[in-house]
Structures are given as C-alpha cells and as structure tokens.
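Me: Got a minute to go through this one with me? I'd like to start with the strands and then look at the cavities.

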Amino acid sequence: MSKRYRYLTSGAIGAALMLGSIYPAAADSERAWWIQTLREHQMQNGTTVGVTPTTQRRAAVAASPVGRAPASTTVTSVTRPRGNVSAVAAAQSAPVYRMVGGRVMPLEPTVAEQQRTIIHQAAVAPAAPSLQIDPQFLPTEVSFSGYAPGTIVIDTEEKYLYLAMPGGVAKRYGVGVGRPGFQWAGTHRISRKAEWPGWTPPPQMRKRQPELPAYMEGGPNNPLGARAMYLGSSLYRIHGSNAPWTIGHEVSSGCIRMRNEDVVDLYERVKVGTKVVVIR
C-alpha cells in the first residue's frame, strides 16, 4: 500500500471521527436544553421530571443483542403531572430522542420544534388561582376621614370597604365587586340584616343562567354566605362568600362580597339604617 493511499485513508478516518464527535455533542446540547426546560417547568408547576441516567442508558445498550437501544427509547419523561402540565405530558407521549448505534440522537428538527413549542406554551400558561384571599385584602385599621363615624364606604376600584370610626380611622375590609357591566355607584341605607340568608335569584339572573334554582336555603353552600345586609330597595347586598379567593376581584352581578368571617364582624358592628356609600 502506497504512502499516499495510507495518508488519504487516515485523513478520511480522522474527518469521520471528528464529525462523529461533533454530532453527539449537538445531540447532548439539545438534550440538555430539553432537560433544563422541563426542570424550570417543574419548579413553576410542581411536576417531577425524570431523566434516565447516562450509566443506565449505556448499560441498556451494552445488554442489547445488537449493541443499540430500540429506536423508541425516550430519554426524558414527565411523571405525576399536576395542574397545568397536560400539554407537557402530551409532548412526552412521543420519543424526544432515539438511540442510534449507542448514541443519543435528536428527532427531526420539525418534530423537535413542535415539542419545544408545546413545552413553552404550557410553561407560560396562567397558573391555577389560589384558594386563599390575597393578604392585602385582610381586615386592618387605616387612617380615614370625610365621613361620619358609622358610615360604610365602598371603593369599587380599590376593592375595599371602609367602616368609618371615631378618631379619623376606619376598619378596612377587602371585597369582591361587580364585574364589568354590573358595576354601579350610589348611596343607600341598610334596610335589612339576615343571618345565613336564603337566596332567591332575581329573574334577570335566572334568564342569564337558567340552571340556577328558584330558591336556595341558607347555609355554608349558599352563595350569600354567613350574613347579608340588604341595600334599600335595590337588588344589591353586602354579603358573605364561601369563595375567599374572589375577594379583591370583579366577580359579582353587583353585590359586594366579603369573606364569611369578615361579613360576620361587620354585621355585628352596624345596624339597620346605616348609610352605605358606593363610589367608583
């Protein structure tokens, strides 16, 4: 064999080895991106990410009769999906990588990009709402002036109800207010008070929501909650709620919602005839 032939042969082999070292590195880079993305998603959404250790994959390849793992071998997986991770689980139903000759090889670029999009869409999706009230809407005493002691002032923009007290202060509570299209402002007086009130949805509401009952007995499951204070001859009330996470939001058909414990406290402090001012 001539020296020139041996030189060309060794050069070709060297180039092949170089390409073989570069391509797995690219695959490892892609795999590292996928694993990092899933781990970030885990921290945000409470999922568990399982990644097959390299040593286990190598052992599986060595044990294979042909020295390679099946083409359907998946390197990453998501277990115990919880919350907003169904899209991530769906993305994992197809292999992200396949083993070829004992090497981790990425899927075709189009498929990889599709799964990358699914992961990111799931990662940025809105989180499930908390079932607790935002701490800023918990009751507290604040400086307050401009209204006579005993007056209730409701600021629907700030989502606060103020009970004016002597000494230039007020007891402030967080409230839920009317959603867009159901907001209002004005002055009323408390015309009636009720403990664990029954609920009769008005005809306008039943027309919008035919599934509502004609009447619901008072109790823990009643949407009026533990107490209700009716505002003049209007359809509006200040009432309790068994959904504290709605406090601080625009959620009602015009009524003012409070936590059950807060509406009980306010109920004990005010009387029939108390002036109520609603501002926007």
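Reply: Sure. One term before we start: two strands count as paired if DSSP finds at least two bridges between them. Keep in mind that this is a predicted model.

Me: OK, so which residue in E15 is the bridge partner of Arg189?
Reply: That's Lys275.

Me: And in what sense do E10 and E15 pair, parallel or antiparallel?
Reply: Antiparallel, over 4 bridges. E10 covers residues 186–195 and E15 covers residues 275–279.

Me: How many bridges join E10 to E11?
Reply: There are 5, and those two strands run antiparallel as well. E11 spans residues 227–231. One residue pair to look at there is Ala194, which stands opposite Ala228 in E11.

Me: Zooming out, how many helices and strands does the protein have?
Reply: 6 helices and 15 strands.

Me: What share of the residues is buried?
Reply: 38% of the 280 residues. As for the accessible surface, it comes to about 15900 Å², and carbon and sulfur atoms account for 56% of that.

Me: Switching to cavities. How many are there of 30 Å³ or more?
Reply: The structure holds 2 of them. The second largest has about 40 Å³ of space.

Me: Which residues line the second largest cavity?
Reply: Thr156, Val177, Gly178, Gln183, Trp184, Gly254 and Ile256.

Me: How does that lining divide into nonpolar, polar and charged?
Reply: The second largest cavity has 3 nonpolar and 4 polar residues in its lining, with no charged ones.

Note on methods. Residues are numbered from 1 along each chain as its sequence is written. This is a predicted model: local features need pLDDT of at least 70, side-chain atom pairs count only at pLDDT 80 or more; totals for chains, interfaces and linings use all residues. Side-chain values use heavy atoms; hydrogens and water are left out. On a 1 Å grid over the protein atoms alone, a cavity is a set of points where a 1.4 Å probe fits but cannot get out, and a pocket is an open set with protein on both sides within 12 Å along at least five of seven lines; lining residues have an atom within 4 Å of a point. Grid points are joined across faces, edges and corners, and a volume is the space filled by probe spheres set on the points. Ala, Val, Leu, Ile, Met, Phe, Trp, Tyr, Cys and Pro count as nonpolar, Asp, Glu, Lys and Arg as charged, and the others, Gly among them, as polar. Buried means under 20% relative accessible area, exposed over 50%, partly exposed in between (1.4 Å probe, protein chains only). Accessible areas come from the Shrake-Rupley method with a 1.4 Å probe; for residues, only the protein chains shown count as cover.
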